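Here is a short set of exercises to try with the model open beside you. Work through each task first, then read the solution step by step.

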Amino acid sequence: MFADAPVVVKERYVIQRQIPTPIETRSVLAAPSPAQGDFTLWSSTQIPHIVKVAMTLGLGISESKLRVIAPRVGGGFGSKLQVYPEEMLSLALAKRLGRPIKWTETRSENYLATHHGRDQIQEMELAADQDGRIRGYRARILVNMGGYLMIITPGTPLLGAFVYCGPYGGEAYQVEFTGVFTNTVPTDAYRGAGRPEATYAIERAIEALARKVGKDPVEIRRMNFLQPFTEPTASPGGLQLDSGNYGETLDQALELLGYEDLLKEQQIRREHGEAKQIGIGFSTYLEMCGLAPSRVLASLRYAAGGWDAAEIRVSPTGKVVVAAGTSPHGQGHATTFAQIVSEDLGIPIEDVEVTFGDTELSPLGMDTYGSRSISVGGVAVHRAAMKVVEKARKIAAHELEVAEDDLEFDAGTFTVRGAPDTAKTIPEIAFAAWTAHNLPDGLEPNLESSAAYDPENFVFPYGAHICAVEVDTETGEVGVLKYVAVDDVGRIINPQIVDGQVQGGVIQGIAEALFEEAVYDENGTLLTGTLTSYQVPAASEVPSITLGRSETWSTTNELGVKGVGETGTIASPPAVINAVIDALSDLGVSDMERPATPERVWRAIRRARGGAA
Amino acid sequence: MIPAPFDYVRAESVDQAIELLSGNDDAKIIAGGHSLLPLMRLRLARPALLVDISRLADLAYVREDDGQVAIGALTRHHDVANSEALQELAPIVAYAASLIGDPQVRHVGTIGGSCAHADPASDMPTVLLALGAELVVLGPKGTSRRVTAADFFKGLFQPDLASNEVLSEIRVPKTTGRGWSYLKFHRRAQDWAMVGVAALAGNGIGPAVALTNMGERPLRAAGVEEALAGGADPATAAERADEGTSPPSDTFGSAEYRRELSKVLVRRALEEAMSR
């Protein structure tokens with residue numbers, strides 16, 4: 001394939017190491033109740049259910065004697081998708097001493113002991129026709145795993161293994177990963193986990209291909225996109241994609257950006273040789289999320305399943321408690337899941353309470369990571385709600401003395417077909433189910449249900465991000481002028497929460513492209529061990545973001561939902577770096593290291609002008 | 001992250017503060033604490049006694065005095081930035097103060113603390129050096145002396161202050177009629193300057209240019225000033241910006257990059273000062 005192809009692009013990219021930096025560092029409190037012989041472990045974690053299993057396995061405490069609570073958790077970004085020694089140590093000490101043990105890390109400790117993310121060297125090749133149509137993809141990835149393996153250290157890069165072809169077509173696909181141990185903090189999941197790295201490789205490489213064949217970055221993408229589809233479709237990377245219309249998000253993003261005007265402005269500045277040049281960069285990404293079909297996880301040697309669970313109890317007075325198995329740390333599950341149940345049962349949203357993050361209140365679950373909460377946990381909630389409706393239908397039919405098929409259900413009320421005044425509401429049925437005075441033979445009392453959902457496939461959000469930057473060619477400083485994100489994350493339950501996820505993710509991705517880098521010296525000392533030296537940007541350094549939206553329902557699940565937690569960090573780094581390169585392409589710059597610090601940009605310009613590196 | 005043990009006294013007067021300093025070699029003045037406390041938390045500073053002067057209200061003021069603007073050492077950065085007297089009579093001082101740290105730092109940190117800390121990456125020492133400001137230092141038995149900024153900032157974290165002296169006032173000349181510029185190159189609003197440039201020009205006085213974070217103390221860009229005095233245009237003069245400097249290399253940028261950056265920033269600062 002690569003030997004015969006008329007055009008071959010071969011690129012090398014370094015994905016720098018990053019520190020996840022949740023606003024709340026890790027904190028653990030282990031408290032024994034000597035009278036009962038049991039323990040409660042509070043941990044600032046994303047995964048209370050998995051932590052509980054690990055603790056019982058490690059310490060020999062029976063599962064019935066341990067309650068794990070993830071209280072309001074101040075962010076994780078993957079760094080709390082982990083079982084940490086301090087959790088087990090605190091619990092072991094509490095067990096031995098019979099006293100509560102509390103441990104909280106400082107920011108510096110968080111930087112030194114909580115896992116890091118990214119850190120790859122990529123070799124990315126594209127084989128293409130003379131006109132730029134891609135035939136094949138080949139990626140060789142070297143991954144710095146750190147000093148030892150943590151929960152999914154080797155699995156993290158593999159989560160990107162299937163999307164090195166982005167949303168594009170082609171026949172051949174090969175990826176190869178080599179993990180290396182180094183004297184550094186282990187790397188593991190960090191918002192996007194493997195997919196930002198893959199997206200960076202393909203979105204940089206396709207622009208390199210565009211330059212090589214003399215095509216516009218928009219044109220090269222349009223000619224390589226998979227055609228619109230609403231039925232499962234195979235990708236070169238071996239996935240069965242759920243639904244997609246890739247060109248549509250790009251068209252919308254171009255319009256929101258005002259592409260033509262920016263191109264004119266760019267031309268004027270180039271002609272005048274101005275110190276501040278502008279550039280436009282694209283990223284039309286495709287990702288896979290919603291972890292995950294348990295069988296797929298088995299093939300990746302992941303130790304847990306990918307299902308999730310929910311229980312719903314309708315009280316005699318018509319109030320609803322939803323026990324969800326996912327464990328939010330800022331994603332707004334209480335709101336979104338209440339919306340789902342409110343709509344399914346026709347119960348006012350204020351009468352729906354959602355519990356989570358507590359193994360006593362929500363005993364079954366696989367927690368929150370990999371943009372799975374809506375497309376796995378949310379579907380489990382919906383299925384549990386539909387089971388409530390089906391049980392309620394039996395009771396309503398019995399009470400109204402009609403066949404179940406003669407009932408219509410709408411907005412929380414069963415009515416008899418053709419006799420709309422004959423009706424039963426969910427609260428009425430819940431009361432009847434509680435008194436159990438008049439239930440159908442064999443039906444259990446109470447209106448409640450549980451569901452566990454194991455998805456058969458991933459979900460595949462996609463979209464088009466465009467970034468316009470201004471680069472000071474004298475100082476190397478980069479400023480983001482405008483950022484447009486048009487994402488298709490399937491059906492939207494709560495637009496405000498979705499917008500917040502996209503904005504936060506994009507900003508974190510801009511930080512990745514321009515600011516954040518964990519640096520070690522040759523002795524293995526972390527030089528960026530504080531918030532002063534590790535450059536997390538603040539509000540004053542990031543732009544406002546223009547959002548568009550496309551809404552193609554997923555065919556993987558009956559809610560039609562995909563996932564949105566990671567799209568921003570997956571999409572944005574190549575958009576920003578491509579924009580920086582575009583701004584300087586007139587000066588001969590065709591590569592940019594990341595993060596694109598002022599000094600790196602200044603050196604790239606000097607190199608292109610024929611000076612020293 | 002936890003400081004070594006120390007004693008703490010809140011001074012009721014400057015005299016008492018000096019007396020306390022005189023009685024303990026390891027005593028340190030604390031005002032806003034925004035430079036000292038981070039050092040203590042990292043145990044890079046381990047004073048045995050902290051003498052807190054932050055309640056001495058009579059050290060917080062901005063007023064015209066004898067043809068100069070006198071700024072009390074305890075004046076918070078926020079109040080320096082928003083002083084109408086400074087905005088009118090020495091606007092470069094007010095502007096530079098508005099760039100220090102973030103709003104929380106500016107409401108607590110003081111101009112005196114910034115000067116007494118003598119960090120070459122701080123903005124205010126550079127501005128005072130360019131202005132030819134004077135600093136008033138009080139010592140035991142009511143003694144008082146005035147030091148020029150050029151003499152006061154002796155080296156890295158080395159102000160011209162004996163262990164039993166207190167910086168009480170900063171006196172800046174009025175810059176009426178002079179153009180000015182302070183350019184602070186930093187990546188995040190709350191960061192220190194990677195490089196900073198203070199420039200003053202016009203009104204029949206030779207241009208003054210000083211540099212932040214280009215050596216162990218704030219530095220006058222002597223080569224630039226010399227070139228300008230010889231009639232060079234700003235762009236040509238700015239090429240000598242890094243003469244006599246020894247900028248640091250760190251994770252923010254290399255010394256080589258800072259040298260080049262200083263040339264660009266000096267040119268831009270001069271152009272701005274001359275057009276103002």
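**Exercise 1. Decide whether A:Ser371 is buried or exposed, then examine its backbone.**

Step 1. A:Ser371 has a relative accessibility of 11% and therefore counts as buried; buried means under 20% relative accessible area, exposed over 50%, and partly exposed in between, with a 1.4 Å probe and protein chains only.
Step 2. Its place is the loop between β14 (352-355) and α11 of chain A. Helices (H or I, at least four residues) and strands (E, at least two) are DSSP runs, numbered from the N terminus.
Step 3. The phi of A:Ser371 is near 50°, a positive value in a residue other than glycine. Most residues other than glycine have a negative phi, and most peptide bonds are trans.

Before you go on, a word on conventions: this is a predicted model, in which local features need pLDDT of at least 70 and side-chain atom pairs count only at pLDDT 80 or more, while totals for chains, interfaces and linings use all residues. Residues are numbered from 1 along each chain as its sequence is written, chains are lettered from A and ligands numbered from 1 in the order in which they are written, and side-chain values use heavy atoms, with hydrogens and water left out.

**Exercise 2. Find where B:Ala118 lies and describe its phi.**

Step 1. B:Ala118 is in the loop between α7 (111-117) and α8 of chain B.
Step 2. Its phi is positive, about 55°, although B:Ala118 is not a glycine.
Step 3. With 3% relative accessibility, B:Ala118 counts as buried.

**Exercise 3. Locate two cis peptide bonds in chain A.**

Step 1. Look at the bond from A:Leu291 to A:Ala292: it is cis, with omega near -10°. A:Ala292 is found in the loop between β11 (276-286) and α9 (294-299) of chain A.
Step 2. Now take the bond from A:Arg594 to A:Pro595, which is also cis, with omega near -5°. A:Pro595 belongs to the loop between α14 and α15 of chain A.

**Exercise 4. Work out how α10(A) packs against α11(A), and place A:His382.**

Step 1. The axes of helix α10 (residues 333-345) and α11 of chain A come within 9 Å and cross at roughly 30°. Axes are lines fitted to C-alpha atoms, for helices over the stretch in contact, and angles run from 0 to 180 degrees between N-to-C directions.
Step 2. That angle makes α10(A) roughly parallel to α11(A); under 35 degrees counts as roughly parallel, over 145 as roughly antiparallel, 65 to 115 as roughly perpendicular and the rest as oblique.
Step 3. The residues of this contact divide into ten nonpolar, six polar and one charged. Here Ala, Val, Leu, Ile, Met, Phe, Trp, Tyr, Cys and Pro count as nonpolar, Asp, Glu, Lys and Arg as charged, and the others, Gly among them, as polar.
Step 4. A:His382 sits in helix α11 (residues 373-400) of chain A and is buried, with a relative accessible area of 12%.
Step 5. Not counting residues up to four places away in sequence, A:His382 touches A:Ile340, A:Asp344, A:Glu558 and A:Leu559, where contact means heavy atoms within 4.5 Å.

**Exercise 5. Describe the packing of α5(B) and α8(B).**

Step 1. Helix α5 (residues 91-98) and helix α8 (residues 123-131) of chain B pack at an angle of about 170°, with their axes 10 Å apart.
Step 2. α5(B) is therefore roughly antiparallel to α8(B).
Step 3. On the α5(B) side the contact is made by B:Ile92, B:Val93, B:Ala96 and B:Ala97, and on the α8(B) side by B:Met124, B:Val127 and B:Leu131.
Step 4. By class, that gives seven nonpolar, no polar and no charged residues.

**Exercise 6. Establish how far helix α15(A) is covered, and by what.**

Step 1. Eight of the eleven residues of helix α15 (residues 598-608) of chain A are buried, so the helix is mostly covered.
Step 2. Among the buried residues are A:Trp602, A:Arg603 and A:Ile605.
Step 3. Their cover includes β19 (462-472), β20 (478-488) and α14 (567-584) of chain A, together with β11 (179-185) and α12 (255-275) of chain B.
Step 4. A:Gly610 follows α15(A) and has a positive phi, near 90°.
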